[in-house]
Amino acid sequence: GTICIEEFVSPQGLLAYVEANIPPPQSVSAPALSEGSKEGWFRFWDVDRSNSLEREEVVRALIKTFRLSEDLASVAQMREIIDATWAIFDTDGSGSVEMGEFCMRDGLGDTVIATQRRH
């Protein structure tokens with residue numbers, strides 16, 4: 001079915017129902033990424049709880065970690081960088097970065113930490 005604008009915004013409409021019955025999302029800060037916190041950072045951004053980070057999860061995590069979401073050119077550049085370097089970090093070629101790949105020496109975690117230090 002469809003819903004017209006009046007049904008959506010009326011005092012008894014869908015918007016009023018959602019505002020009254022669905023709590024707003026919790027504002028949760030991402031954990032800082034450091035040598036001792038790589039696993040926590042990984043788990044925070046593993047949104048689907050698959051124990052691996054898919055490319056889009058990594059892109060989203062890096063955009064938020066480096067606060068790039070307001071700069072569309074930087075977002076596009078981040079996507080290009082991830083696409084170009086993905087095979088380096090996905091060492092088993094599975095299409096995702098597992099915890100071991102992320103946490104290994106010179107893995108994606110160490111690369112992000114080194115990049116943070118430069119910013």
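Helices H4 and H5 are oblique to each other, packing at an angle of about 135 degrees with their axes 10 Å apart. This is a predicted model, and the points below go from that helix pair to the nonpolar core, then to some individual residues worth finding on your screen.

**The H4 and H5 pair**

- H4 covers residues 55-65 and H5 covers residues 72-89.
- Two packed helices are described by the angle between their axes and the distance between the axes.
- An angle of about 135 degrees falls short of the roughly antiparallel class, which takes angles over 145 degrees, and the pair is therefore called oblique.
- The crossing of H4 past H5 is right-handed.
- On the H4 side, the meeting residues are Arg55, Glu56, Val58, Val59, Leu62 and Ile63. On the H5 side, they are Val75, Met78, Arg79, Ile82, Asp83 and Trp86.
- By type, this contact of H4 with H5 has eight nonpolar residues, four charged ones and no polar ones.
- An α-helix has 3.6 residues a turn, so residues three or four places apart point the same way.

**The largest nonpolar core**

- The largest nonpolar core holds 23 residues, and those touching the most other members are Trp41, Val58, Leu62, Met78, Ile82 and Phe102.
- Helices H3 (38-45), H4, H5, H6 (99-103) and H7 (108-118) each give two or more residues to this core.
- In soluble globular proteins, nonpolar side chains tend to be buried together.
- Val58 and Leu62 in H4, and Met78 and Ile82 in H5, also take part in the contact between those two helices.
- Phe102 is a good residue to click on: beyond residues up to four places away in sequence, Phe102 touches Leu33, Lys38, Trp41, Phe42, Leu53, Val97, Gly107, Leu108, Gly109 and Asp110.

**Helix H7 and its cover**

- Which residues of H7 are buried? They are Leu108, Gly109, Asp110, Val112 and Ile113.
- The cover over these buried residues includes H3, H4, H5 and H6.

**Leu53, Asn51 and Cys103**

- Leu53 sits in strand E1 (residues 52-54). With a relative accessible area of 1%, Leu53 is buried.
- Setting aside neighbours within four places in sequence, Leu53 contacts Phe42, Trp45, Asp46, Val58, Trp86, Ser96, Val97 and Phe102.
- From Leu53 to Ala87, 34 residues along the chain, the C-alpha atoms are separated by 13 Å.
- Asn51 belongs to the loop between H3 and E1. Is Asn51 buried or exposed? Its relative accessibility of 58% makes Asn51 exposed.
- Asn51 and Met99 are 48 residues apart along the chain, with their C-alpha atoms separated by 6.7 Å.
- Beyond neighbours within four places in sequence, Asn51 is in contact with Phe42, Asp46, Glu98 and Met99.
- Cys103 is part of helix H6. At 22% relative accessibility, Cys103 is partly exposed.
- Cys103 contacts Lys38 and Glu39, leaving aside neighbours within four places in sequence. The C-alpha atoms of Cys103 and Lys38 are 6.3 Å apart, although their positions lie 65 residues apart in sequence.

**Positive phi in two loops**

- Most residues other than glycine have a negative phi, and most peptide bonds are trans.
- Arg67 has a positive phi, near 50 degrees, and is not a glycine. Arg67 is in the loop between H4 and H5, where its relative accessible area of 76% makes Arg67 exposed.
- Asp106, also not a glycine, has a positive phi of about 65 degrees. Asp106 is placed in the loop between H6 and H7, and with a relative accessible area of 58% Asp106 is exposed.

Notes. Residues are numbered from 1 along each chain as its sequence is written. This is a predicted model: local features need pLDDT of at least 70, side-chain atom pairs count only at pLDDT 80 or more; totals for chains, interfaces and linings use all residues. Side-chain values use heavy atoms; hydrogens and water are left out. Axes are lines fitted to C-alpha atoms, for helices over the stretch in contact, and angles run from 0 to 180 degrees between N-to-C directions. Helices (H or I, at least four residues) and strands (E, at least two) are DSSP runs, numbered from the N terminus. Angles under 35 degrees count as roughly parallel, over 145 as roughly antiparallel, 65 to 115 as roughly perpendicular and the rest as oblique. A crossing is left-handed if the near helix is turned anticlockwise from the far one by less than a right angle, and right-handed if clockwise. Contact means heavy atoms within 4.5 Å. Ala, Val, Leu, Ile, Met, Phe, Trp, Tyr, Cys and Pro count as nonpolar, Asp, Glu, Lys and Arg as charged, and the others, Gly among them, as polar. A nonpolar core is a set of buried Ala, Val, Leu, Ile, Met, Phe, Trp, Tyr and Cys residues joined through side-chain atoms within 4.5 Å. Buried means under 20% relative accessible area, exposed over 50%, partly exposed in between (1.4 Å probe, protein chains only).
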